[in-house]
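Me: I have a structure in front of me and would like to learn how to read it. Could we go through it feature by feature?

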Amino acid sequence: MAKLAHAQWSSRMTFVLAAAGSAVGLGNIWRFSYMVGDSGGAAFVLVYLACVTLVGLPILVAEWMIGRRGQKNPINTMAELAANHGKSKAWALIGASGVLAAFLILSFYSVIGGWSLNYTLSSVLGTFNGQDADGISGLFGGMLGSPTTLLLWHTAFMALVVGIVARGVTKGLESAARLLMPALIILMLILVGYGVASGYFGEALAFMFRPDWSALNGGVVLAAMGQAFFTLSLGMGIMMAYGSYLGEDVNLISTARTVIILDTVIALLAGLAIFPIVFANGLSAGEGPGLIFVTLPLAFGNMAGGTILGLIFFLLLTFAALTSAISLLEPTVEMLEERTTMTRVTATLASGIGVWLLGVAALLSFNVWSEVLFFGLNIFDLLDTFTSKIMLPLTGLGAIVFVGWCLKRESVEAELGLSATGKNMWNIIARYVAPAGVIAVFITGLL
Ligand code: PHE
């Protein structure tokens, strides 16, 4: 995002790709599938789908609208819009908490991005060929147990992110997304096909869509909502910053729908690819963050053409992780650039080093610091839980309350270009359903 030249996205398509580049990432494939497995399957999936529609969509629209009106970075935009509407400057805190959340998330995101890079190389080397479930689990366990391996790959991933952001070549990456996003979908479809052939597709379908409501509790609902925020890049001011580049003629609701459908389809395909492998090999769905790394290599190692498909898959996953990671680093870099005398390169390096250091603490929680717990969580889980279950929903809540209750109702309705029924629906959802939903989930989840 260029700071001064406030250019607009050349077309709606370019905007959708940029927003999808941030939204589609490890969250859809790595995090979605392991959360589904951890939280008992379909009940989680259905609550997640409800959250994406009833909370995610209005908040995405709200963040874009705030960004488009404010035309600045999230902190200044919120401060200025609030002042214009006679509201407290404290609304700028929403912007600030978004920047902090993005910083914290990138630290552990980069560790997983490193896993993906490592697995790309392992695919090329044919490491997975002919391995059984034990062999694949052993490889994964070996990686987790080695601080130096994790450190090496985390460092490599962060170096890529910093290199790209410092050189300001993010636009080039976004145009590459035009090609790579469809490629990712095709590859996921191939993997789903492999799942169908495995004979365990029915089990996977039932696991993901036939709910056992007894698995549902406040914690699962909160986890599903956290996942909705995480996967849509909400509650971080990131979508707000993107919105500041949006042309007046772009319809926010239909654009949000497109991005959300794309993001959700990729997540569901990931689940449908992974769970047949889990059931076919008697693996545990509740494996945790390692789920995709102990299932997919098993498939690649034992299917025809698996080496090349595995290579393409992990390359695409790494690429999707990179485009998201770039959008996660950008807010901190912009803040440093604007509030200090640092140049873009220095600001990027400083942010990158800060994130990297925190990431080192996160990766040590898989080995030497596994016993270092706060509130019963290791550092990795603490960073993930605190951001996705607390910071993102609260910041997103702020955005939707601001649009629903502080901006002039008529101007919001006019901007959304809604029919009479559409207006009513929007007002009910934005003013009541979404805020009440977030608050209710929050209270039940934390009790
Ligand atoms: N949405 C990204 C994903 O699902 C992660 C992300 C979160 C990116 C927040 C940017 C901001 O992987």
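Me: Let's start with one residue. In which helix is A204 found?

Reply: A quick caution before that: this is a predicted model. Now the residue. A204 is found in helix α9.

Me: Is A204 buried or exposed?

Reply: Look at the relative accessible area. Under 20% counts as buried. A204 has 0%, so it is buried.

Me: What is A204 in contact with, apart from its neighbours within four places in sequence?

Reply: Skip the sequence neighbours and see what remains. For A204, that leaves F275, P276 and F279.

Me: How far apart are the C-alpha atoms of A204 and V55?

Reply: Here you keep two numbers separate, one along the chain and one in space. A204 and V55 are 149 residues apart along the chain. Their C-alpha atoms are separated by 27 Å.

Me: Let me try A206. Where is its place, and how does A206 count by accessibility?

Reply: A206 is in helix α9. The range between 20% and 50% is called partly exposed. A206 has 22% relative accessibility, so it counts as partly exposed. You can do the distance exercise here too. A206 and M225 are 19 residues apart along the chain, and their C-alpha atoms are separated by 22 Å.

Me: Next, aromatic rings. How many aromatic pairs does the structure hold?

Reply: The structure holds 25 aromatic pairs. Check two things for a pair: the centre distance and the angle between the planes. One of the pairs is F108 with F230. The centres are 6.5 Å apart, with 25° between the planes. Planes under 30 degrees apart count as stacked, and this pair is stacked.

Me: Where in the chain do F108 and F230 lie?

Reply: F108 is in helix α5, residues 92–125. F230 is in helix α10, residues 218–231. They are 122 residues apart, and the pair links distant parts of the chain. F108 and F230 are both buried.

Me: What about F207 and F275: how are their planes set?

Reply: The ring centres are 4.9 Å apart and the planes stand at 55°, so this pair is tilted. F207 lies in helix α9, residues 201–209, and F275 in helix α12, residues 252–280. The pair therefore ties together parts that are 68 residues apart in sequence. Both F207 and F275 are buried.

Me: Which charged end sits over the ring of F230?

Reply: For this, look at the face of the ring. The charged end of R31 sits over F230, 4.7 Å from the ring centre. Another case is R431, which lies over the face of W405 at 3.9 Å from the ring centre.

Me: Now helix packing. At what angle do the axes of α2 and α3 cross?

Reply: Take the axis of each helix, then read the distance and the angle. Helix α2 is residues 26–38 and helix α3 is residues 42–70. Their axes come within 7 Å and cross at roughly 130°. α2 and α3 are therefore oblique to each other.

Me: Which residues make the contact of α2 with α3?

Reply: From α2 come F32, M35 and V36. From α3 come F44, V45 and Y48. Sorted by class, this contact has six nonpolar, no polar and no charged residues.

Me: And α3 with α9: at what angle do their axes cross?

Reply: The α3 and α9 axes cross at roughly 55° and come within 5 Å. That makes α3 oblique to α9. A42, V45 and L46 of α3 meet A206, F207, M208 and F209 of α9. By class, the count is seven nonpolar, no polar and no charged residues.

Me: One last feature, the backbone. What is the phi of S233?

Reply: Read the sign, then check the residue type. S233 has a positive phi of about 55° although it is not a glycine. S233 is found in the loop between α10 and α11. At 5% relative accessibility, S233 counts as buried. S233 is also among the residues that S22 touches. Q71 has a positive phi too, near 55°. Q71 lies in the loop between α3 and α4. Its relative accessible area is 30%, so Q71 is partly exposed.

Technical notes
Residues are numbered from 1 along each chain as its sequence is written. This is a predicted model: local features need pLDDT of at least 70, side-chain atom pairs count only at pLDDT 80 or more; totals for chains, interfaces and linings use all residues. Side-chain values use heavy atoms; hydrogens and water are left out. Rings of Phe, Tyr and Trp (its six-membered ring) pair if their centres lie within 6.5 Å; planes under 30 degrees apart count as stacked, over 60 as edge-to-face and the rest as tilted. Helices (H or I, at least four residues) and strands (E, at least two) are DSSP runs, numbered from the N terminus. Buried means under 20% relative accessible area, exposed over 50%, partly exposed in between (1.4 Å probe, protein chains only). A charge sits over a ring if NZ of Lys or CZ of Arg is within 6 Å of the ring centre and within 35 degrees of the ring normal. Axes are lines fitted to C-alpha atoms, for helices over the stretch in contact, and angles run from 0 to 180 degrees between N-to-C directions. Angles under 35 degrees count as roughly parallel, over 145 as roughly antiparallel, 65 to 115 as roughly perpendicular and the rest as oblique. Contact means heavy atoms within 4.5 Å. Ala, Val, Leu, Ile, Met, Phe, Trp, Tyr, Cys and Pro count as nonpolar, Asp, Glu, Lys and Arg as charged, and the others, Gly among them, as polar.
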